[in-house]
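This report describes a protein and DNA assembly for a reader at the bench. Please view the sequence and the structure before reading on.

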2 protein chains.
Amino acid sequence: MSEGVEWALHTCVNLAWVGRPVGSARLAAFYGLPPAYLNKRLQNLVRAGILTSVPGPKGGFTLARDPASISLLDVVTAIEGPDPAFRCTGILGDSPWGDKTADHPSSCVIAVAMRRAELAWRRELAGQTIADVCATVERRAPGEPERTRRWFG
Amino acid sequence: MSEGVEWALHTCVNLAWVGRPVGSARLAAFYGLPPAYLNKRLQNLVRAGILTSVPGPKGGFTLARDPASISLLDVVTAIEGPDPAFRCTGILGDSPWGDKTADHPSSCVIAVAMRRAELAWRRELAGQTIADVCATVERRAPGEPERTRRWFG
DNA sequence: GGTAGCGTACTCGGATAGAAGTTGTCCGAGTGCGACAGG
DNA sequence: CCTGTCGCACTCGGACAACTTCTATCCGAGTACGCTACC
């Protein structure tokens, strides 16, 4: 899985705490990440409707909607793309008595088993939101949001 | 995810049906796959203790143990490696007040959430064995094992 | 005719190229602020 | 002193390389069979 997923998730949490536009350069400086590349990843989140971007001075990135409505799956999908990790190429259709017209991703027993596992993965990710992460961190370290907000301000 | 995972899974099912050594060339011919590359992947399964290899004529690959004791997770892990898809690099330690000595993969809320999801994925995969897949296919197409055995023989 | 030795053909196994995706970098288009000149 | 205009600095956004991983291929080491020659 892309390393950008980790960056995007942590950045979303920071943005949830700050609450106003922050430039990619400053967001990257917080973790010592390459600014341009983080920018490239945040663009993925903008296209997915997770962030909104504001150009010009005082511009930057902000969460496009409430943190409680942004699941971890949303972020992961925005970065990694919508394709499942296991992709059935339908090699059963290439077997001696294979049917190339059949819908193998749906009929192949192996493909179904793999998709079921991936669905369980997605369900877990969809059940956790950015707001949940923020709440857990805040419960563990109550001063974290304020401290972060100050650093970015 | 590597495409070789799909090849390895289907090949394991075929090997379970045939029950005796089959060379990688013939296994690859069944699906029209590149023989040498399939061989390379089956070597991964040998190292993982899933298959046994027999050199020389009449040689080839065989399941090393009962199909009921080979889970889909075993095969996936053998091909993809033991590392989890999401890898916590501990960027929290690089934040302004980050602690580089902390065990971030265990303490970071995001890392924990991602690992939980991946655990659900692994659990689903571990719950399905090659024998289960064989049984499901056989229930749907009763003649499949015999037909496959004949093609390889 | 039976048997020991040898050659051959076939297998796996690891070392070697090519393609694709990820990671990293750069520069251009657009925007808001601040300075400056004029009224 | 107030206001309209201009320049500038800062932002995102997409286009352009370097590197790692995946895909594909080739050739060498080892083994079992089959043939041959000998007893």
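A polar contact is a pair of N or O atoms within 3.5 Å; within protein, one atom must be able to donate a hydrogen and the other to accept it, and residues adjacent in sequence count only if both atoms are side-chain atoms. By this definition, a polar side-chain atom of B:Ser53 lies 2.6 Å from a phosphate oxygen of DNA strand C.

The model is a predicted one, in which local features need pLDDT of at least 70 and side-chain atom pairs count only at pLDDT 80 or more, whereas totals for chains, interfaces and linings use all residues. Residues are numbered from 1 along each chain as its sequence is written, chains are lettered from A and ligands numbered from 1 in the order in which they are written, and side-chain values use heavy atoms, with hydrogens and water left out.

**DNA strand C**

DNA strand C is surrounded by 24 residues, of which the closest are A:Ser2, B:Gln43, B:Arg47, B:Ser53 and B:Phe61; a residue is near a strand if one of its heavy atoms lies within 4 Å of it. Of the atoms of DNA strand C that come within 4 Å of the protein, 60% belong to sugar and phosphate. A base is also approached: an N or O atom in the side chain of B:Asn39 is 3.4 Å from a base nitrogen of DNA strand C.

At least two residues each of the surface near DNA strand C come from H3 of chain A and from H3, strand S1 (51-54) and strand S2 (60-63) of chain B. Helices (H or I, at least four residues) and strands (E, at least two) are DSSP runs, numbered from the N terminus. This surface divides into 10 nonpolar, nine polar and five charged residues. In this division Ala, Val, Leu, Ile, Met, Phe, Trp, Tyr, Cys and Pro count as nonpolar, Asp, Glu, Lys and Arg as charged, and the others, Gly among them, as polar.

B:Arg47 lies in helix H3 of chain B and counts as exposed, at 65% relative accessibility. Here exposed means over 50% relative accessible area, buried under 20%, and partly exposed in between (1.4 Å probe, protein chains only).

**DNA strand D**

Around DNA strand D there are 23 residues, and the closest are A:Gln43, A:Arg47, A:Ser53, A:Phe61 and B:Ser2. Sugar and phosphate make up 54% of the atoms of DNA strand D that come within 4 Å of the protein. The surface near DNA strand D has nine nonpolar, nine polar and five charged residues.

The table gives contacts to phosphate oxygens.

| Protein atom | DNA partner | Distance |
|---|---|---|
| A:Arg47, polar side-chain atom | phosphate oxygen, DNA strand D | 2.9 Å |
| A:Ser53, side-chain N or O atom | phosphate oxygen, DNA strand D | 2.5 Å |
| B:Glu3, backbone N or O atom | phosphate oxygen, DNA strand D | 3.1 Å |
| B:Arg47, side-chain N or O atom | phosphate oxygen, DNA strand C | 2.8 Å |

**Relation of the two chains**

How is chain A laid on chain B? A turn of 180 degrees with a shift of 0.0 Å along the axis does so, with an RMSD of 0.1 Å. The two copies are thus related as by a two-fold rotation axis. The superposition is by least squares on the C-alpha atoms of residues with pLDDT of at least 70 in both copies. Of the residues of chain A, A:Trp121 comes closest to the rotation axis, its C-alpha being 2.5 Å away. Both copies use the same surface, since 100% of the contact residues of chain A recur in chain B; contact means heavy atoms within 4.5 Å.

**Buried residues**

The largest nonpolar core holds 92 residues, and those touching the most other members are A:Leu9, A:Leu45, B:Leu9, B:Leu45, B:Val75 and B:Ile130. A nonpolar core is a set of buried Ala, Val, Leu, Ile, Met, Phe, Trp, Tyr and Cys residues joined through side-chain atoms within 4.5 Å. Not counting residues up to four places away in sequence, A:Leu9 touches A:Leu72, A:Val75, A:Ile130, B:Phe86, B:Ile110 and B:Met114.

A:Val109, in helix H6 (residues 109-126) of chain A, is buried with a relative accessible area of 14%. With residues up to four places away in sequence left out, A:Val109 touches B:Val133, B:Thr136, B:Val137 and B:Arg140.

B:Cys88 sits in the loop between helix H4 (72-80) and helix H5 (104-107) of chain B, and counts as buried at 17% relative accessibility. Apart from neighbours within four places in sequence, B:Cys88 is in contact with A:Glu6, B:His104, B:Pro105 and B:Ala111.
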